[in-house]
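User: Hello! I would like a close look at one part of this model. Could you walk me through the strands that pair up and then show me what lies around them?

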Amino acid sequence: MDNLPQSNDQYGTKEYWNSRYAQEADGSSFDWFKSYSDIAHIIHELIPERASRILMLGCGNSKLSEEMYEDGYKNIVNIDYSAVVIEQMQNRHGGVRPEMQWHEMDVRDLKFEKGTFDVAIDKGTMDAMMTAKGDIWNPPQQVIDDCTKEASEVIRVLKEQGSFIYLTFGQPHFRKRFLNVAGTKGLEIRELGEAFHYYLYILRR
Ligand SMILES: C[S@@+](CC[C@H](N)C(=O)[O-])C[C@H]1O[C@@H](n2cnc3c(N)ncnc32)[C@H](O)[C@@H]1O
């Protein structure tokens, strides 16, 4: 891959993502960690209603939304702060999957009314905000602020029974602290995978 960043902390900048997506050929896609077939059984369990209104946080050019749509979850609102990828995804899916929406938006500053989504999904997006240089055991204040802002914004836009589903390679020690949002019903953590572990965090409003 020739579009890897020179240093890990570039994953935390909009400029990196815009130039990465601009370099990729039209129609290309890349899924971080897991693809839909690996997690479909979990999605079915956690989102039993196909009509649920779903917010996809930092969608990138992943196939997850497209494959969920084909599986009947048509009410998906996709956001990413890269204008480049949002335009590519709008062009790719707008005509064929008209019920799905695409918006350039920052997960730390959601432009939606409170209590309007059943589910929000983050696959690798909070991780991208955690790549700033520094001690992972003691992250820089900027990382703490960015991640807690995302979590509180997500909880704000979720309906009363809504849930925030976060899929990551990040172990609980490094992630739990960002998912402690006051007034929520609590955090469930599941370990996925065999040789190499992924984690699923489910924060219920
Ligand atoms: C590691 S990629 C994951 C993409 C996709 N979710 C997947 O599973 O393949 C991170 C994505 O999050 C986006 N992103 C990072 N920080 C963001 C922020 N603060 N607001 C919105 N999108 C962000 C990036 O532009 C990139 O598309």
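Analyst: Happy to help; here is a walk through the paired strands, followed by a loop residue and the ligand shell. Please keep in mind that this is a predicted model.

Let's begin with β7, which covers residues 198–204 and pairs with strand β5, residues 158–168, in the antiparallel sense. Six bridges hold that pairing. One position to look up is Ser 163, which stands opposite Arg 204 in β7. Strand β7 also has β6 as a partner: β6 spans residues 186–192, runs antiparallel to β7 and is joined to it by seven bridges. Here you can find Ile 189 opposite Tyr 201 in β7. β6 and β7 form a hairpin with five residues between the strands. In that hairpin, Gly 193 takes a positive phi near 90°.

Now to the loop. Leu 110 sits between β3 (101–104) and β4 (117–123). Leu 110 counts as buried because it has 23 C-beta neighbours inside 10 Å, and 20 are enough for that label. Setting aside neighbours within four places in sequence, the contacts of Leu 110 are Met 105, Glu 153 and Val 157. From Leu 110 to Leu 187, the C-alpha to C-alpha distance is 22 Å, with 77 residues separating them in sequence.

Finally, the ligand. It is surrounded by 20 residues, and the closest are Trp 17, Gly 58, Gly 60, Ser 62 and Tyr 81. Sorted by class, this shell has nine nonpolar, six polar and five charged residues.

Definitions and conventions
Residues are numbered from 1 along each chain as its sequence is written. This is a predicted model: local features need pLDDT of at least 70, side-chain atom pairs count only at pLDDT 80 or more; totals for chains, interfaces and linings use all residues. A residue is near a molecule or strand if its C-beta atom, placed from the backbone, lies within 6 Å of it. Ala, Val, Leu, Ile, Met, Phe, Trp, Tyr, Cys and Pro count as nonpolar, Asp, Glu, Lys and Arg as charged, and the others, Gly among them, as polar. Helices (H or I, at least four residues) and strands (E, at least two) are DSSP runs, numbered from the N terminus. A residue is buried if 20 or more other C-beta atoms lie within 10 Å of its own, exposed if 12 or fewer, and partly exposed in between; C-beta atoms are placed from the backbone. Two residues are in contact if their C-beta atoms, placed from the backbone, lie within 7 Å. Two strands pair if DSSP finds at least two bridges between them.
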